[in-house]
Amino acid sequence: MAKLVDARDLKSLDLGHAGSIPAARTTPRLEASLTLDLPLLPDRTCGECVECCRFIPLDLPELAKPTGMLCAYCVDGAGCAVHAIRPQTCRTWFCVWRIVELSDDWRPDRSGIIVRPDGLTTGEITLYVVRETEFLRSDAFFETLASWREQGLSLAISVPGPIGTLPVRAVVTDYLGPALEAGDRPMFDLLLANVLMSLGGHPFEPDGVQPRFAVPGAPPVAV
Ligand code: SF4
Ligand code: SF4
């Protein structure tokens, strides 16, 4: 079970009416069993993006890689070198950019955000901010989040820690929602920066994943 991180560990910031930064949790270990049976958008490919092969931890019998470590089977900027024989989890896990009509700017290697698929069917969107980019301060980002709030979706933000540690995550619907609903960009930008700073300052827990690259039929990999 995921360990709750004490909210008192979070940095204390004066946020006026916005209240305190939501408590963060360490994300549960692994996605080994996560599969999502949602149709992919036709005519959309990952292109040069390999962010899930870097930032999503895997701990499968045939493939284990710590969070933040690029899979040894991945060619950076090109994709999976063992595509035809990749593990089942790799065949069924896709970020939301492959599932929902989001602009090209949202592609994770451009935006720095992997929109996670878990929670999609229950009305919660998790933005896994793997890198801070200008996109976080763009109109396209703000307007998309505002439209998700209009649709009643919950929002969560997650960030990775150093390589080999579990990401942390906080539900931010109540914290960011009012600024989104009011169209208040300056307030939203300030609150988002606070969330990212607070999450980034967490004591990250080791993910305990020992690298293992043993996909049957794949060339041997030294670890
Ligand atoms: S993060 Fe999304 S777009 Fe990028 S490689 Fe993974 S599934 Fe493809
Ligand atoms: S086996 Fe291929 S698809 Fe799976 S994590 Fe490694 S590079 Fe990515």
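Two residues are in contact here if their C-beta atoms, placed from the backbone, lie within 7 Å. By that criterion, and leaving out residues up to four places away in sequence, I114 touches E51, C52, F55, C95, P108, Y128 and V130. The structure is a predicted model, and its confidence should be considered before the details.

**Confidence**

The protein chain has an average pLDDT of 86, and 87% of its residues score at least 70. Among the regions of the chain, confidence is highest in helix α3 (residues 108-111), at 98, and lowest in strand β1 (residues 24-26), at a mean of 74. Two stretches have pLDDT under 50: residues 1-17 and residues 29-34. For residues 1-17 the model has 26 contacts beyond four places in sequence; for residues 29-34 it has 16 such contacts. Where pLDDT is low, the predicted coordinates should not be read in detail.

**Ligand surroundings**

The table gives the make-up of the shell around each of two ligands by residue class.

| Ligand | Nonpolar | Polar | Charged |
|---|---|---|---|
| Ligand 1 | nine residues | no residues | three residues |
| Ligand 2 | eight residues | no residues | one residue |

Around ligand 1 are C46, C49, V50, E51, C52, F94, C95, W97, R98, R107, P108 and I114. I114 is therefore part of this shell, and its contacts E51, C52, C95 and P108 are also listed around ligand 1. Ligand 2 is surrounded by C53, L63, C71, Y73, C74, C80, V82, R86 and C90.

**Nonpolar core**

The largest nonpolar core has 46 residues, of which I114, V115, I157, V172, L176 and V195 touch the most other members. Helix α6 (residues 185-200) supplies the largest share of this core, five residues.

**A170 and its surroundings**

A170 lies in strand β9 (residues 168-171). A170 counts as buried because 23 C-beta neighbours lie inside 10 Å, and a residue with 20 or more is classed as buried. Not counting residues up to four places away in sequence, A170 touches P22, A23, A24, A156, I157, V195 and L199. L199 is 29 residues from A170 along the chain, and the C-alpha atoms of the two are separated by 7.9 Å.

**Helix α4**

Helix α4 (residues 139-150) has twelve residues, which at 1.5 Å a residue should span 16 Å. The C-alpha atoms at its ends are 16 Å apart, in agreement with that value. Just after α4, G152 has a positive phi of about 85 degrees.

Technical notes
Residues are numbered from 1 along each chain as its sequence is written. Chains are lettered from A and ligands numbered from 1 in the order in which they are written. This is a predicted model: local features need pLDDT of at least 70, side-chain atom pairs count only at pLDDT 80 or more; totals for chains, interfaces and linings use all residues. pLDDT is the predictor's confidence in each residue, from 0 to 100. Helices (H or I, at least four residues) and strands (E, at least two) are DSSP runs, numbered from the N terminus. A residue is near a molecule or strand if its C-beta atom, placed from the backbone, lies within 6 Å of it. Ala, Val, Leu, Ile, Met, Phe, Trp, Tyr, Cys and Pro count as nonpolar, Asp, Glu, Lys and Arg as charged, and the others, Gly among them, as polar. The expected span of a helix is 1.5 Å times one less than its number of residues. A residue is buried if 20 or more other C-beta atoms lie within 10 Å of its own, exposed if 12 or fewer, and partly exposed in between; C-beta atoms are placed from the backbone. A nonpolar core is a set of buried Ala, Val, Leu, Ile, Met, Phe, Trp, Tyr and Cys residues joined through C-beta atoms within 7 Å.
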